[in-house]
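Student: Please take a close look at the salt bridges in this model. Describe that part in one connected answer.

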Amino acid sequence: MTTKSVVAIAQLLFLTLAFAGGMLLSPAIMPERLNDLSLLLPSRATRDLICDLGVGNSLDNATIIGLLVWTGVFAIANFAAAKISKK
């Protein structure tokens, strides 16, 4: 891929995750299906963590589990990419 196409794809992915994760639109006014889908995204777990800690609320179990799962997924992807790049 060229540098220009990588930048375009990264921006598209970022904006999609930000919108669907509730960073650009409050989850309270999201359609029900989008809100249910956003609970599975790493951006939503991060948003909920920041909002809950900022307001002083206790963390939801789904937020903690989501962050742990996505951290594991990204760690595995990092190790796989490092192993592939060494070949």
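Tutor: Here is the salt-bridge part, followed by a short look at another region. This is a predicted model, in which local features need pLDDT of at least 70, side-chain atom pairs count only at pLDDT 80 or more, and totals for chains, interfaces and linings use all residues. Residues are numbered from 1 along each chain as its sequence is written, and side-chain values use heavy atoms, with hydrogens and water left out.

A search of the whole structure finds two salt bridges. The term means a side-chain nitrogen of Lys or Arg within 4 Å of a carboxyl oxygen of Asp or Glu. Asp48 pairs with Arg44, with the closest N and O atoms 3.2 Å apart. Asp48 also pairs with Arg47, and there the closest N and O atoms are 3.0 Å apart. Arg44, Arg47 and Asp48 are thus linked in a network of salt bridges.

Now the setting. Arg44 and Asp48 lie in helix α3 (residues 42-55); because they are four residues apart there, about one helical turn separates them. Helices here are DSSP runs (H or I, at least four residues), numbered from the N terminus. Both Arg44 and Asp48 are buried. Buried means under 20% relative accessible area, with a 1.4 Å probe and protein chains only. Asp48 has a relative accessible area of 13%, so Asp48 counts as buried.

Elsewhere, Leu15 is found in helix α1 (residues 3-20). Gly22 follows α1, and its phi is positive, near 90 degrees.

Notes:
Helices (H or I, at least four residues) and strands (E, at least two) are DSSP runs, numbered from the N terminus. Buried means under 20% relative accessible area, exposed over 50%, partly exposed in between (1.4 Å probe, protein chains only).
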